[in-house]
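Hello,

Here is the structure I promised to pass on to you. Please have a look at it first, and then read on for what turned up in it.

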Amino acid sequence: MLTKLEVSSFGVLPNGTYEFSPGMNVVIGDNGAGKSQLIKLLYVCARWSQEAGRGASDRPSEAELQQSLATKLTRVFRPDALGGLVTRGRGNRTSSVSVGFEKSMSGSRDFRFSFSRMASKNVSFERVPQAFNEEEAVFFPTKEVLSIFPGFRSLYEKREISFDETYFDLCLELGTPLRRGPRSEESKPFTTALENAIRGKVRLENDRFYLVQPA
């Protein structure tokens, strides 16, 4: 779980430290205050860390980590260039982001990176993570996704379309079978409440979602 985020000169986000409590956190602010940017930045950090440590037999090099994090930022925020995420102002400003996670037995997952307005493809690490996030990170975008799910993954991978990568990531998760074991048991109260609210169950069949309701 993410516990802290420190930002400087990142988009419209106010410079400072954001601390998060266990459980649910609610972000409140005026329009244009940076709520969406904050949540997307948190998602990028958690999801990138998860992806960087997933299925790799060898630890990625620092250069590979720098490039993959820059790629994740640009695919989620979709600026013209990575440097477009730096807060506007005079001179060649530099954006810096520091991320803190809960302590892990495998090593610190914390990292800190920066990039300048002139950056295009890479960030620079001031602190490289020793370990990676193993928890699932999911972002629910504002647009409804179930209706675009059929064929979306293949289309996104092969064509340039005007959807940021949160939609692609969510489609990956939607198409993945549920896990067995404790995590599945933990989610039961939430899925049961949702099923009661919609008075049925959602089923994935032939790349389409169906609401199955009792007769």
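A residue is called buried here when its relative accessible area is under 20%, exposed when that value is over 50%, and partly exposed in between. With that in hand, helix 1 is a good place to begin: 13 of its 18 residues are buried, so the helix is mostly covered. Helix 1 runs over residues 35–52 and reaches 26 Å from its first C-alpha to its last, close to the 26 Å expected at 1.5 Å a residue. Please keep in mind throughout that this is a predicted model.

**The whole protein**

The protein has 5 helices and 7 strands. Along the sequence they follow the pattern β-β-α-α-β-β-β-α-α-α-β-β. The radius of gyration is 19 Å, which agrees with the value near 17 Å that a compact globule of 215 residues would have. Along the principal axes, the C-alpha atoms fill a box of roughly 65 × 40 × 40 Å.

Of the 215 residues, 35% count as buried. The accessible surface comes to about 13800 Å², and carbon and sulfur atoms account for 51% of that surface. As for charge, there are 30 positive and 26 negative side chains, and the centres of these two sets lie 4 Å apart. Among contacts in the protein with a separation of 6 or more, 59% are between residues 24 or more positions apart.

**Helix 4 and its cover**

Helix 4 spans residues 165–174. Like helix 1, it is described as mostly covered, with 7 of its 10 residues buried. Which residues of helix 4 are buried? They are Glu 165, Thr 166, Tyr 167, Phe 168, Asp 169, Leu 170 and Cys 171. The cover over these buried residues includes helix 1, helix 2 (62–77) and helix 3.

**Either side of helix 3**

The loop between helix 3 (152–158) and helix 4 holds Ile 161. This residue has a relative accessible area of 16%, and therefore Ile 161 counts as buried, the cut-off being under 20%. Leaving aside residues up to four places away in sequence, Ile 161 touches Arg 78, Phe 152, Leu 155 and Tyr 156.

Glu 136 sits in the loop between strand 5 (124–127) and helix 3. Its relative accessibility is 36%, so Glu 136 counts as partly exposed. Glu 136 and Glu 173 are 37 residues apart along the chain, and their C-alpha atoms are separated by 9.3 Å.

**Two residues with positive phi**

Two loop residues are worth a look for their backbone angles. Ser 9 has a phi near 55 degrees, a positive value in a residue other than glycine. You will find Ser 9 in the loop between strand 1 (2–8) and strand 2 (16–19). Is Ser 9 buried or exposed? At 11% relative accessibility, Ser 9 counts as buried.

Arg 199 is not a glycine either, yet its phi is positive at about 60 degrees. Arg 199 belongs to the loop between helix 5 (182–198) and strand 6 (201–205). With a relative accessibility of 67%, Arg 199 counts as exposed.

**Gly 200**

Gly 200 also lies in the loop between helix 5 and strand 6. Whereas Arg 199 is exposed, Gly 200 counts as buried, at 9% relative accessibility. What does Gly 200 touch, not counting residues up to four places away in sequence? The partners are Glu 195, Leu 211, Val 212, Gln 213 and Pro 214. Gly 200 and Glu 6 are 194 residues apart in sequence, and 42 Å separates them in space, C-alpha to C-alpha.

If you would like a route through the model, you could begin with helix 1 and its 13 buried residues, go on to helix 4 and the helices that help to cover it, and finish in the loop that holds Arg 199 and Gly 200.

Happy exploring, and best wishes

Notes: Residues numbered from 1 in each chain as written. Predicted model: local features only at pLDDT ≥ 70, side-chain atom pairs only at ≥ 80, totals over all residues. Heavy atoms only, no water. Helix = DSSP H or I, 4+ residues; strand = E, 2+ residues; numbered from the N terminus. Rg over C-alpha atoms; globule rule 2.2 N^0.38 Å. Buried < 20%, exposed > 50% of the residue type's maximum accessible area, 1.4 Å probe, protein only. Contact = heavy atoms within 4.5 Å. Areas by Shrake-Rupley, 256 points an atom, 1.4 Å probe, with all protein chains shown as cover. Lys, Arg positive; Asp, Glu negative; His and termini not counted. Charge placed at Lys NZ, Arg CZ, Asp CG, Glu CD. Expected span 1.5 Å × (residues − 1).
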